[in-house]
Structures are given as C-alpha cells and as structure tokens.
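Hi everyone, thanks for making time. I'd like to walk you through a structure that's probably new to most of you, so let's put it up on the screen.

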Amino acid sequence: MTARILVVEDEFFIAQEIVDTLNHAGFEVLGPCPTVAKALVQLENTPCDAAILDVSLRNETSLPVVQALGNRGIPFVILTGFSARQLPSEMTAAPVLTKPMQAEVLIRELHKLLPND
C-alpha cells in the first residue's frame with residue numbers, strides 16, 4: 001500500500017517541488033493545502049499516513065493542523081525557514097527540516113515516521 005502524505009504549504013513553487021519529490025519516491029500526495037482550513041478539510045475527508053507542514057501559512061500558522069494530526073496520532077515533518085528554537089513547543093517534537101528542501105533528507109525522514117516502511 002502506498003503511504004498517503006498530506007502537504008501543507010502556501011508557496012506554490014515549494015509545494016510543487018514537495019509534490020514532485022513525493023510522487024517520484026512513490027508516495028500518494030494529498031494537497032498541497034495552502035491554508036489551515038483546507039488542510040483540516042483534507043484531514044476530515046481523506047485519511048493520511050503522515051504530513052509535511054510549513055509553519056507559516058501567510059497570515060496564520062499551521063499549529064491547528066499540528067493539533068489535529070496529534071489528535072489522530074499522525075506523524076509529521078516540519079519543513080520551514082524558521083529554526084527549531086523559533087517554533088511553538090507543539091512542533092518541536094517532530095523532525096524539523098529547513099528550507100531550501102533537500103529531497104533525500106525529506107524522504108529519509110518520512111520513511112522513519114512511517115510504520116512498516
């Protein structure tokens with residue numbers, strides 16, 4: 001079974017790079033979702049196995065998505081321009097990768113999070 005990965009990223013070109021990387025690695029992509037509202041709707045409608053989240057989504061943070069994922073027991077990776085010290089405490093337990101994205105590092109971190117992978 002192919003793992004489903006939710007992508008929450010508001011920058012179009014970065015989101016597309018993530019989607020391409022995930023597709024190339026054999027994952028099924030949900031999204032990308034540029035807002036918290038769209039990400040939460042996606043979570044309600046389609047189960048996912050893991051997520052990749054940007055911290056800052058225009059005028060909001062992805063913290064509500066982090067909380068929704070936590071309530072469901074879904075692991076996630078933070079992909080951000082911020083340092084780990086700048087993140088809310090709810091996000092620091094997850095792997096934190098910095099932009100610009102390194103595809104092989106992102107894929108390696110996802111494999112660590114996914115069961116039976």
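Let's start from the outside. The accessible surface of the protein chain adds up to about 6,300 Å², and carbon and sulfur atoms own 52% of that. One thing to keep in mind throughout: this is a predicted model.

Staying with the overall picture, the C-alpha trace spans about 35 × 30 × 25 Å along its principal axes. How does the radius of gyration fit with a compact globule? For 117 residues you'd expect something near 13 Å, and the protein chain has 13 Å, so the two agree. Of those 117 residues, 44% are buried. As for charges, there are 8 positive and 14 negative ones, and their mean positions sit 3 Å apart.

Now the fold. We've got four helices and seven strands. If you trace the protein chain from the N terminus, the order goes β-α-β-α-β-β-β-α-β-β-α. There's plenty of long-range contact too: take the contacts with a separation of 6 or more, and 64% of them link residues 24 or more positions apart.

Let's zoom in on helix α2, residues 36-45. Which of its residues are buried? They are Val36, Ala39 and Leu43. These three cover an arc of only 65° around the axis, so they lie on the same side of α2. If that spacing looks familiar, remember that an α-helix has 3.6 residues a turn, so residues three or four places apart point the same way. Flip to the other side of α2 and you find Ala37, Lys38, Glu44 and Asn45 exposed. And what sits over the buried residues? The cover includes β1, β2 (28-33), β4 (56-57), β5 (60-61) and α3 (63-72).

Next, the helix at the far end of that element order, α4, which takes in residues 103-113. Its buried residues are Val105, Leu106, Ile107, Glu109 and Leu110. Among the elements covering them are β1 (4-8), α1, β3 (50-53), β6 (76-80) and β7 (96-98).

Since α1 just came up, let's look at one residue there: Thr21, in the helix running over residues 12-24. Is Thr21 buried or exposed? With a relative accessible area of 14%, Thr21 counts as buried, because the cut-off for buried is under 20%. Setting aside neighbours within four places in sequence, Thr21 is in contact with Met101, Ala103 and Ile107. And Ile107, as we saw, is one of the buried residues of α4.

That's my tour, so over to you for questions.

Conventions
Residues are numbered from 1 along each chain as its sequence is written. This is a predicted model: local features need pLDDT of at least 70, side-chain atom pairs count only at pLDDT 80 or more; totals for chains, interfaces and linings use all residues. Side-chain values use heavy atoms; hydrogens and water are left out. Helices (H or I, at least four residues) and strands (E, at least two) are DSSP runs, numbered from the N terminus. The radius of gyration is taken over C-alpha atoms; the globule rule is 2.2 Å times the number of residues to the power 0.38. Buried means under 20% relative accessible area, exposed over 50%, partly exposed in between (1.4 Å probe, protein chains only). Contact means heavy atoms within 4.5 Å. Accessible areas come from the Shrake-Rupley method with a 1.4 Å probe; for residues, only the protein chains shown count as cover. Lys and Arg count as positive and Asp and Glu as negative; His and the chain ends are not counted. The place of a charge is taken as NZ of Lys, CZ of Arg, CG of Asp or CD of Glu. The arc is that of the directions from the helix axis to the C-beta atoms.
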